[in-house]
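I opened the notebook with a few things to look up in this chain. Entries follow in the order I checked them.

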Amino acid sequence: MGGGLAGIMKALLALEDGRTFDCRSFTGSGEAGGEVVFNTSMSGYQEVLTDPSYSGQMVTMTYPLIGNYGVNPEDIESDKIHVSAFIVREYQSFPSNFRSTASLADYLKEEGIIGIEDLDTRALTRHIRNAGALRGFISTENLDPVSLVEQAKSIPSMVGQDLALSLIHI
């Protein structure tokens, strides 16, 4: 999977209910936590990344190939990436679009956002849909499932958070 090996490293996604997913980072080393959600769009991943409504969330794209058209300044929804992490089935590192000004991995790295691939996003999506909102934690630095599940449990719940203030500065 993936279109290149630069920055690829083992990672682990752990959910607060104990479910874990082996994966790989396509943005290099890092860690992130947040509520795990999914998006069923077939295109528009750059708009999803910069949508303030995803603040504090790790977005799973259900479409299997992401990164194929790169990124460009015209397709952003706000002044920054709002997701805490980006989860895809397969990352394509060589964009093929005349509008592309950078790869998705470079765009994420520039803003310090971890991107992971090579996990069963269908299984993750079904699990979230059946279990309800779950907090998760991703790491390339600590691959101990028990430790990462505990870190996921320690993330504050999104319930009751006033996220509207962060939307004012768009």
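I began with aspartate 118. Its relative accessibility is 28%, so I log aspartate 118 as partly exposed; the band for that runs between 20% and 50%. I note that the model is a predicted one.

Where does aspartate 118 sit? I find it in the loop between β8 (114-117) and α3. I also checked its backbone. Aspartate 118 is not a glycine, yet its phi is positive, at about 65°.

Next I moved into helix α3, which covers residues 121-131. Two of its residues went into the notebook: arginine 122 and histidine 127.

Is arginine 122 buried or exposed? Its relative accessibility is 59%, so I count arginine 122 as exposed. The cut-off for that label is over 50%.

Histidine 127 went down as buried, because its relative accessible area is 17% and buried means under 20%. What does histidine 127 touch, apart from neighbours within four places in sequence? I listed Leu15, Asp17, Arg19, Gly132 and Leu134.

Arg19 then turned up again. I looked for charge on the surface and found a positive patch. Its members are Arg19, Arg122, Arg126 and Arg129. So Arg19 is on my list twice, as a contact of histidine 127 and as a member of the positive patch. Arginine 122, logged above in helix α3, is a patch member too.

I went on to glutamate 150. I place glutamate 150 in helix α4, residues 145-153. Its relative accessibility is 45%, so glutamate 150 counts as partly exposed. I then checked a pair that is distant in sequence. Glutamate 150 and glycine 18 are 132 residues apart along the chain. Their C-alpha atoms are separated by 8.7 Å.

That pair sent me to the contacts of the whole chain. I took those with a separation of 6 or more. Of these, 77% join residues 24 or more positions apart.

Last, I wrote down the overall layout. How many helices and strands does the chain have? I count five helices and nine strands. From the N terminus on, I read the order as β-β-β-α-β-β-β-β-α-β-α-β-α-α.

I closed with burial and surface. The chain has 170 residues, and 46% of them are buried. I put its accessible surface at about 8200 Å². Carbon and sulfur atoms hold 51% of that surface.

Key: Residues are numbered from 1 along each chain as its sequence is written. This is a predicted model: local features need pLDDT of at least 70, side-chain atom pairs count only at pLDDT 80 or more; totals for chains, interfaces and linings use all residues. Side-chain values use heavy atoms; hydrogens and water are left out. Patches are made of residues with over 30% relative accessible area and no salt bridge: like charges are joined within 9 Å, nonpolar side chains (Val, Leu, Ile, Met, Phe, Trp, Tyr) within 5 Å. Accessible areas come from the Shrake-Rupley method with a 1.4 Å probe; for residues, only the protein chains shown count as cover. A salt bridge is a side-chain nitrogen of Lys or Arg within 4 Å of a carboxyl oxygen of Asp or Glu. Lys and Arg count as positive and Asp and Glu as negative; His and the chain ends are not counted. The place of a charge is taken as NZ of Lys, CZ of Arg, CG of Asp or CD of Glu. Helices (H or I, at least four residues) and strands (E, at least two) are DSSP runs, numbered from the N terminus. Buried means under 20% relative accessible area, exposed over 50%, partly exposed in between (1.4 Å probe, protein chains only). Contact means heavy atoms within 4.5 Å.
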